[in-house]
Amino acid sequence: MKSLQLLAIAIVLIIQPVKAQTLPHISKDEFKDQFLDAINAKRAKGCNCGTTYMRPAAPLTWNDMLASAAGEHAIDMYRNNYFDHTSINGQTLQDRLFAAGYSYKGYQSYTIGENIAEGQETIAQVMAGWFKSIGHCKNLMNPDFKEIGVFEYRHYWVQDFGGRVPLDKNKHYGGRWVIRESK
């Protein structure tokens with residue numbers, strides 16, 4: 001009977017749902033607002049990414065599909081102990097975004113990108129690190145990106161970016177799609 005009780009406790013511990021963000025004392029809305037405020041303040045002014053000056057860019061808006069894809073990737077990296085843009089099962093950023101419902105259907109252009117980080121404990125720390133890194137900074141300042149979703153899980157951080165321009169129903173596009181991916 002004692003082993004049956006221990007087994008029941010172990011099963012309960014294994015199937016408990018994953019918490020959204022693991023940052024202490026911060027709600028999902030505060031998390032979202034702090035990221036958008038930090039990113040959009042920098043985008044409004046422009047900044048240097050290394051030696052390249054990035055002009056001011058329009059503010060990003062939050063997209064729950066991007067945040068969902070970012071969350072899946074952050075949790076997967078933690079659970080499987082790796083750190084990469086490509087999942088262990090071979091999924092790419094585009095695969096994860098499509099699975100979350102973020103696709104190019106109905107849009108004339110589609111631009112996606114991703115920043116990942118590991119180990120930072122606060123939004124301020126991870127943002128400082130991303131803005132110091134040329135490639136990450138250029139993603140944050142890329143004017144082609146219009147939307148963002150961010151997720152943190154046990155100090156694995158993922159930012160997924162998207163930029164979609166709707167089709168003009170009065171224009172013919174010649175049947176070609178151009179998908180740009182930025183890492």
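In this predicted model, strands β5 (residues 147-153) and β6 (residues 156-166) pair in the antiparallel sense, and 7 bridges are found between them. Within this pairing, G149 stands opposite D160 of β6. The hairpin that β5 and β6 form has 2 residues between the strands, and R154 adopts a positive phi near 50° there. Strand β5 also pairs with strand β3 (residues 61-62), in this case in the parallel sense and through 2 bridges; one residue of β3 that can be placed in this arrangement is W62, whose bridge partner in β5 is I148.

The surroundings of β5 are consistent along the strand, since 7 of its 7 residues are buried. This burial applies to both faces, with E147, G149, F151 and Y153 covered on one side and I148, V150 and E152 covered on the other.

Residue I148 of β5 reappears in the largest nonpolar core, which has 24 residues and in which F35, M127, W130, I148 and W157 have the most contacts. At least two residues of this core are supplied by each of the helices α2 (28-45), α5 (123-132) and α6 (134-141) and by each of the strands β1 (47-49), β5 and β6. Helix α5 gives the most, with 5 residues. Once its neighbours within four places in sequence are left aside, W130 is in contact with F35, N115, I116, A117, H136, C137, L140, W157 and Q159, a list that includes F35 and W157, themselves among the residues with the most contacts inside the core. A second, separate core of 10 residues is also present, and among its members are A70, I116, F151 and Y156. In general, nonpolar side chains of soluble globular proteins tend to be buried together.

The structure holds 1 disulfide, which joins C49 to C137 with an S to S distance of 2.0 Å. The link of C49 and C137 is left-handed, with -65° about the S-S bond. Because C49 lies in strand β1 and C137 in helix α6, the pair ties together parts that are 88 residues apart in sequence. Both ends of the link are covered: C49 is buried at a relative accessible area of 1%, and C137 is likewise buried, at 0% relative accessibility. A further cysteine, C47, is in no disulfide, the nearest cysteine sulfur being that of C137 at 3.8 Å. At 9% relative accessibility, C47 also counts as buried, because the term applies to values under 20%.

How values were computed. Residues are numbered from 1 along each chain as its sequence is written. This is a predicted model: local features need pLDDT of at least 70, side-chain atom pairs count only at pLDDT 80 or more; totals for chains, interfaces and linings use all residues. Side-chain values use heavy atoms; hydrogens and water are left out. Buried means under 20% relative accessible area, exposed over 50%, partly exposed in between (1.4 Å probe, protein chains only). Helices (H or I, at least four residues) and strands (E, at least two) are DSSP runs, numbered from the N terminus. Two strands pair if DSSP finds at least two bridges between them. A nonpolar core is a set of buried Ala, Val, Leu, Ile, Met, Phe, Trp, Tyr and Cys residues joined through side-chain atoms within 4.5 Å. Contact means heavy atoms within 4.5 Å. A disulfide is a pair of cysteine sulfur atoms within 2.5 Å.
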